[in-house]
Structures are given as C-alpha cells and as structure tokens.
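Subject: Structure handover

Hello,

Here is the structure I promised to pass on. Please open it alongside this note, then read on for what turned up.

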Amino acid sequence: MTTSGEQRLEEALRSVASEVTTSPDAYREVRTRWRRKERRRRLIVAALATAVVLATNGIALWALNDARPDQHIIFIDHTRSR
Amino acid sequence: MATVNEEVPDTVETLAGRDADREAALAALFHRHHLELVRLAILLGAESDAEDVVADAFCELHRGWKRLRSEQAALPYLRAVIVNRVRMRVRHLQVVRKHVEWVREDVASAESQAMVRDDQRALVAALRELPERQREALVLRYWLSLKEVEIAEAMGISAGAVKAHTARGMAKLGKVLEAQDDD
C-alpha cells in the first residue's frame with residue numbers, strides 16, 4: 001500500500017475516532033467500580049484468613065481434647081520413656 | 001529499575017498513603033488518556049462495550065498497581081489489557097452471532113456517522129473485516145502511531161510478527177482503496 005493509502009487510513013481512523021465521546025461521569029463510575037472490587041477482594045482475603053485461623057484452632061482444640069492428660073501431643077517428652 | 005512502591009515497612013499509615021498515591025496516579029492517568037483509550041477500543045471493534053472494556057482495564061490496573069515496573073508502564077499495560085479484552089469480546093460475539101440474528105452496530109451513532117465520509121466509513125468497515133491481529137496492528141500503528149516494539153508489547157507478540165501482520169493487513173486494505181479509486 002502506498003503512502004497516500006496509509007494517509008487515507010490514518011485520516012479515516014482519525015475521523016471515526018473523533019466522533020467518539022465518553023460519558024461525563026465516567027471517572028466517578030470507574031472509581032466506584034475499582035473501589036468496590038478492592039473492598040470485595042479485601043473482604044475475601046479477611047474471610048479466608050479468619051477461616052484458616054478458626055480451622056487451625058478447631059483442629060488444635062480437637063487434638064488436645066482427644067488426648068489423654070498425661071500424653072504430650074505437641075512436644076514429645078523423651079525423658080519419660082527412659 | 002524504579003518501582004511504583006518504594007520498599008518501606010507496611011504500617012497502617014504507609015498502606016493508606018500508598019492507596020492515596022495509587023488513586024491520585026490513576027486519576028491523572030484516567031483524565032489524560034480515557035478518551036483516547038475508549039476510541040482505541042471502538043476502533044478495535046468493542047462497539048457499545050468500549051467504555052466498559054476501558055473501565056475494566058482501569059480496574060485491572062488498580063489491582064495490579066503494585067506489580068507495575070514504573071508509572072510509565074501503566075499506559076502500555078492499559079493498552080495491552082484493552083487489546084486482549086476487545087479480542088475476547090469480538091470472539092465471543094462471533095460465536096453469539098452464529099446462533100442469533102444480529103443487527104450490526106455501527107462505529108458511532110447515525111448522526112455522528114454523517115460526519116464521516118463514505119469512503120472513510122468503507123475503509124474502516126474493511127478494517128473491521130480483517131483478521132483480529134491485522135486489525136489490531138493497523139489501528140495501533142496508524143491511529144496511535146505506536147512504534148513496532150510498543151505494538152508488539154500491546155499485542156503480546158514479537159516485533160517481526162507485527163511487521164508481518166501490518167504488511168498483510170495493508171495489502172488487503174490496498175485492494176479496498178483501489179476499488180474506491182476506480183469508482
């Protein structure tokens with residue numbers, strides 16, 4: 001394609017693009033959207049962290065509850081077996 | 001290499017400060033480039049979803065702000081996201097349109113179309129019919145006047161492939177222009 005063809009394509013693209021306008025509230029809408037997404041992301045992270053802490057606490061309590069009083073389930077006391 | 005966030009300990013104050021900096025940088029970027037990016041999305045074929053595509057790109061940039069190499073990398077990142085999203089949207093519409101009757105949306109409203117000459121409209125319509133990579137390469141080159149390296153970054157391909165797509169696309173459009181000249 002010749003340079004004039006390239007120029008015609010540039011002009012056509014410029015001409016079509018120049019007719020495009022955006023909504024005046026665009027920034028406010030986008031900011032609301034990214035803030036909402038950020039809030040949701042943080043909420044999900046917080047919920048997951050809470051779930052992990054609760055689950056580990058639950059497992060630990062269950063393990064402690066199931067063990068005999070003289071049995072150490074976290075630290076093994078090697079001195080006792082001798 | 002400069003990073004968007006300097007390495008400082010995470011405290012409530014520094015995190016709030018970073019959030020404020022990010023918002024300010026995004027606001028500046030938005031006001032400077034939003035219209036241009038919506039136009040890019042329209043020319044790539046996003047039609048009525050152009051603003052939505054650009055809004056999504058800004059949300060993605062907001063989420064990935066910390067991973068950005070520098071603030072200068074933000075605009076190329078937005079362009080790459082927009083190119084990808086429009087490509088996905090066009091593919092989705094191609095599938096939908098196989099199954100439902102579809103009335104073509106034009107680039108802009110009928111009123112504004114009156115401002116665009118017939119030959120220009122035909123040329124842009126022919127551009128729309130090109131394979132997606134060729135269309136993307138031509139729009140990025142002839143409307144945004146990007147260099148091959150920048151186009152390659154936006155499209156996620158090599159500079160050599162950009163050259164090939166541009167040449168093929170221009171060859172096809174050349175035929176449309178020749179037909180216009182004959183009329």
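E129(B) sits in helix α5 of chain B. Keep in mind that this is a predicted model. Is E129(B) buried or exposed? E129(B) has 11 C-beta neighbours inside 10 Å, so it counts as exposed; the cut-off for that class is 12 or fewer. E129(B) also pairs up in space with a residue from further along the chain. Its C-alpha lies 9.9 Å from that of L173(B), although 44 residues separate the two in sequence.

Next, the annotated stretch around there. An unreviewed UniProt entry marks residues 121-173 of chain B as "domain: RNA polymerase sigma factor 70 region 4 type". In the model, that stretch is 81% helix and 0% strand. The C-alpha atoms at its two ends are 13 Å apart.

Now the helix packing.

- α6(B) and α8(B): their axes come within 8 Å and cross at roughly 95 degrees. That angle makes α6(B) roughly perpendicular to α8(B). From α6(B), the residues involved are R133(B), Q134(B), R135(B), A137(B), L138(B) and R141(B). They meet V162(B), H165(B), T166(B), R168(B), G169(B) and M170(B) of α8(B). By class, this contact holds 4 nonpolar, 4 polar and 4 charged residues.
- α7(B) and α8(B): here too the axes come within 8 Å, with a crossing angle of roughly 95 degrees. These helices are therefore roughly perpendicular to each other. α7(B) brings E148(B), V149(B), I151(B), A152(B) and M155(B), while α8(B) brings A159(B), V162(B) and K163(B). The classes are 6 nonpolar, no polar and 2 charged.

V162(B) appears in the contact with α6(B) and in the contact with α7(B).

Stepping back to the whole of chain B. It is divided into domain 1, residues 9-105, and domain 2, residues 109-183. Taken over C-alpha atoms, the domain centres are 21 Å apart. How many residues do the two domains of chain B bring to their contact? Domain 1 has 10 residues in contact with 12 of domain 2. On the domain 1 side, α1 (12-44) and α3 (74-99) of chain B each supply at least two residues. α3(B) gives the largest share, with 6 residues. By class, that side of domain 1 has 7 nonpolar, 1 polar and 2 charged residues.

Then the partner chain. 31 residues of chain B are in contact with 25 residues of chain A. On the chain B side, the elements giving two or more residues are α1, α2 (50-63), α5 (118-129), α6 (132-142) and α8 (159-182). Which of them gives the largest share? α1(B) does, with 8 residues. The side of chain B that touches chain A divides into 22 nonpolar, 6 polar and 3 charged residues.

One item on chain A itself. An unreviewed UniProt entry labels residues 43-64 of chain A "transmembrane region". In the model, this stretch is 100% helix and 0% strand. Its end C-alpha atoms are 31 Å apart.

If you look at one place, try α8(B). It crosses α6(B), crosses α7(B), and gives two or more residues to the side that touches chain A.

Best wishes

Note on methods
Residues are numbered from 1 along each chain as its sequence is written. Chains are lettered from A and ligands numbered from 1 in the order in which they are written. This is a predicted model: local features need pLDDT of at least 70, side-chain atom pairs count only at pLDDT 80 or more; totals for chains, interfaces and linings use all residues. Domain bounds come from an automatic or database domain assignment. Two residues are in contact if their C-beta atoms, placed from the backbone, lie within 7 Å. Helices (H or I, at least four residues) and strands (E, at least two) are DSSP runs, numbered from the N terminus. Ala, Val, Leu, Ile, Met, Phe, Trp, Tyr, Cys and Pro count as nonpolar, Asp, Glu, Lys and Arg as charged, and the others, Gly among them, as polar. UniProt positions are given in the numbering used here, feature names are shortened, and annotations may be inferred rather than shown by experiment. Axes are lines fitted to C-alpha atoms, for helices over the stretch in contact, and angles run from 0 to 180 degrees between N-to-C directions. Angles under 35 degrees count as roughly parallel, over 145 as roughly antiparallel, 65 to 115 as roughly perpendicular and the rest as oblique. A residue is buried if 20 or more other C-beta atoms lie within 10 Å of its own, exposed if 12 or fewer, and partly exposed in between; C-beta atoms are placed from the backbone.
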